[in-house]
Amino acid sequence: MISMAKLREVLDSDLDAVAIGAAILGTGGGGNPYIGMLRCREQLRKGRKIDVIPIDELSDDSLVVSLGGIGAPVVGIEKIEQGEECLRAMRALETDLDCKIDALISSEIGGSNAMEPMLTAAQAGIPVVDGDGMGRAFPEMQMCTWSIYGHVSAPSAMADEKGNIVILKSTRNEVWVETLARANVVAMGAAAGIAMAPMRGSYVKKFAVQSTVTQALSLGNAVLEAQRKNTDPIAAVLAHEDGRLLMTGKIVDLERHLKGGFAVGHITVAGFGDFEGDAGRIDIQNEFLVFRRNDKVEVCVPDLIVVLDVDTGLPITTEVLRYGQRIAVLALPCDDLLRTPEALAVVGPASFGYEDITFTPMPKSEANDDS
Amino acid sequence: MYRIGIDVGGTNTDAVIMQGDKILIGVKSPTTADVMSGVVDSLNKVLSGTGIDNADITAVMIGTTHFTNAVVERRNLSTTAAVRLCLPAAQCLPPMVDWPDDIKKAVGGHYWMADGGNEFDGREISPLNEDQLLKIADEIAALGIDTVALCSVFSPVNDDMEKAAADIMRKRLPDASFTLSSEIGRLGILERENAAIMNASLRKLSAHTVGAFGSALKTINLNCPYYITQNDGTLMSAKFVQEYPVLTFASGPTNSMRGASFLTGEKNAIVIDVGGTSTDVGALVNGFPRPASTSVDVGGVRTNFRMPDVYSIALGGGSIVQADDPIAVGPRSVGFRIHEMGLLFGGDTLTATDVAVGLGIADIGDPEPAKELGQDMLLAIKALIDEMIVNASERMRVSADEIPVLAVGGGSILIPDNVAGLSVIKPEHFSVANAVGAAIGQISGEVDRIFSLASITREEALETARKEATAKAIAAGACPESIELLDQEDVPLAYLPGNATRIRLKVVGDLDG
């Protein structure tokens, strides 16, 4: 990794790259960052700023809140938010706890929730932390690193576009936060803002996935630069992330449906190029979860399965998958915080209904062994 | 049996007659302001050139870049009212939020957000508010706007609100045309709404243009069916195009790429099509235009059509050149008026073609007026044109592979022999590749309806839809052996009982005969 100056601010000119990087880390889910990117841009055009604070500069007793949109990705590109859902949820939390929140952090850098804390931070006039709770996207909130390692998310506040606010005052455990929030968000029309109980800066330093805003920005810049220079964008992403190319191929079948607000289904990929003759299958539960080649599991959650347009290197999210698309399927390693036994109990394949699959960390790419 | 392919560009109207796989003749005529006389000229030319009896022509296929050009050049767009049914949702990003300022201005930039819209499960976000819609309609009428784009949240799943809102607003806008987003696009409100607004702004131009095509054919006694080409290389009826001009977007590039591939036999290549007004650069992959996998920009506006991946720039043979400091080429073009306005034809406007002629690259018209600018200036302008072409090509090139560049279109004299290290092929009939692409346009059969999966499986429903679509295509004249699946999509309708799903499926085949 090349060392560089720490990210202090996200500018209008960075938004495209952040959106691309966030969508790559979204592994198909997390919602389309395009909408969030436009919303950030609207904030910047109103003269507001997106200040970024590096994790190591948080003071230990500062109050950091993770917030974001909650809902289904298909809904996110169709029913756009009123605009201040997250801000209302955050203010509701401040009122309820009689506190002042110092900084915001994304619960998931993958997808639209990379953007939501940025634009809410701009609205509130406080900084956003360079890090997140997943280093990717997951469908449920208890899958955040800080929840896995003991943070209690209640009280949490939810706000919809209609003016309804719900506070989850106390819950039995982290799964219940998700269960109750999910039931609520379906009633709210599968789109709402949610802000979780504040964490201390000292806790965030230990249990957040670090520097992921920077990572999204530089991943996006890698793709954009490859496009500018006509080099292979897939290779640029792989080199950047110590990832592995699983397959290039064409989507020959696609099944996708909404189940309780989740997008569920699978795609079938017929390999071409070096992968001629291979049949790939990717299971979807909002994110790409399992990759099988010729019916054999090769990569599974929590490692990242990423689908990119084979030519442009731009990420393809589950809601824009189409029959006939030519794609590259990549695997990227997840953060070590997600590979411990405690983490795998929450974000391993069994948590998604795959009792028969045992997580094996994806093999490192041969090409990158020297690094 | 013969068929005619016509391509109406901003500058030239081209025509070819084909018999099976053979191109019998190709001609070029200037596009005229009324469109019709240019089409008549080229039809007369092409028919008299072969002596074929009009009665033996089985079909006329027309490709037109008129509507794309209107958007790229921000010309002939009607002032449009965009009405979104969504409140209180979706206010943070109003209609046209991501449009370039100049096109927003060209369509007037007028929008309203009103109550309405559905949730994903079919509930109403808020009920339609008749008084509010009547008030909006009054405001639209007061502005003198007569074309409206209506877009409701989740309308691809439930279009009732768009229809009801149109009915209400018609009471105050009896003569206005209404474009409903549900009839044009799929899920993704911003992109669908963009397409609906562009469609609404093009309806007047479309009625004029399509009407002119019909009259042109009648004038010269061609009574066979005529079709207009759609962006996926298939053919549409004239009536359909009047209502949905936006579906012709990128049909020009599709036609020129399919035509270029047909003419050269090359299956993998970069295709550069330089017309009179714009240049389209695309890529052929295994003989077909590479489809854009994500949303596609048309004139800087994002849409979610299934379209070929094309990069368009406002550079053509008729591009107006400013020979001052700084030098500028385009985006305005004299278009079909080059024959009166271009210096080489005695006019007073310096065009890109004048520059080529002045440098001796092409031999048409009078090179002398351009030469008065001096060799240095001409070379500097040509260098800028080359740079524009190379930059556009570089965007489409996605590997270091040595694939050829296929140069087609009437303005392809502007393309250098070598584009960023790739060799350039100019096929025979290069200047009428679009018309060839139109002539080989395919017949489609489409099914778009709701299936209940209570008693049949998804696979069975898809199979049923495929059979229905195939039967429709054959009925419309497609050769049964050539039929293949072009597109299929199923959208589950979670709010309906009985596990309902909306299946959209399209098959295509070659025109029989």
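This passage describes a helix pair in chain A, a strand pair in chain B and the contact between the two chains, all in a predicted model.

In chain A, helix α1 (residues 15–25) and helix α2 (residues 33–45) have axes that come within 9 Å and cross at roughly 155°. An angle over 145 degrees counts as roughly antiparallel, and α1(A) and α2(A) are therefore roughly antiparallel to each other. The crossing of α1(A) and α2(A) is right-handed. On the side of α1(A), the contact is made by A:Leu15, A:Asp16, A:Ala19, A:Ala22 and A:Ala23. These residues meet A:Pro33, A:Tyr34, A:Met37, A:Cys40 and A:Arg41 in α2(A). By class, the residues of this contact between α1(A) and α2(A) comprise eight nonpolar and two charged residues, with no polar ones.

In chain B, strand β2 (residues 12–19) pairs with strand β3 (residues 22–30). The pairing of β2(B) and β3(B) is antiparallel and extends over eight bridges. One bridge partner is B:Val27 in β3(B), which is matched with B:Ala15. The two strands β2(B) and β3(B) form a hairpin with two residues between them, and in this hairpin B:Gly20 takes a positive phi near 60°.

The two chains also touch each other. In this contact, 30 residues of chain B meet 32 residues of chain A. Strand β23 (residues 484–492) of chain B supplies four residues, the largest share of the side of chain B that touches chain A. That side of chain B has 16 nonpolar, six polar and eight charged residues.

Technical notes. Residues numbered from 1 in each chain as written. Chains lettered and ligands numbered in written order. Predicted model: local features only at pLDDT ≥ 70, side-chain atom pairs only at ≥ 80, totals over all residues. Pairing = 2+ DSSP bridges. Contact = placed C-beta atoms within 7 Å. Nonpolar A, V, L, I, M, F, W, Y, C, P; charged D, E, K, R; others polar. Axes fitted to C-alpha atoms, helices over the stretch in contact; angles between N-to-C directions. Parallel < 35°, antiparallel > 145°, perpendicular 65-115°, else oblique. Left-handed = near helix turned anticlockwise from the far one by under 90°.
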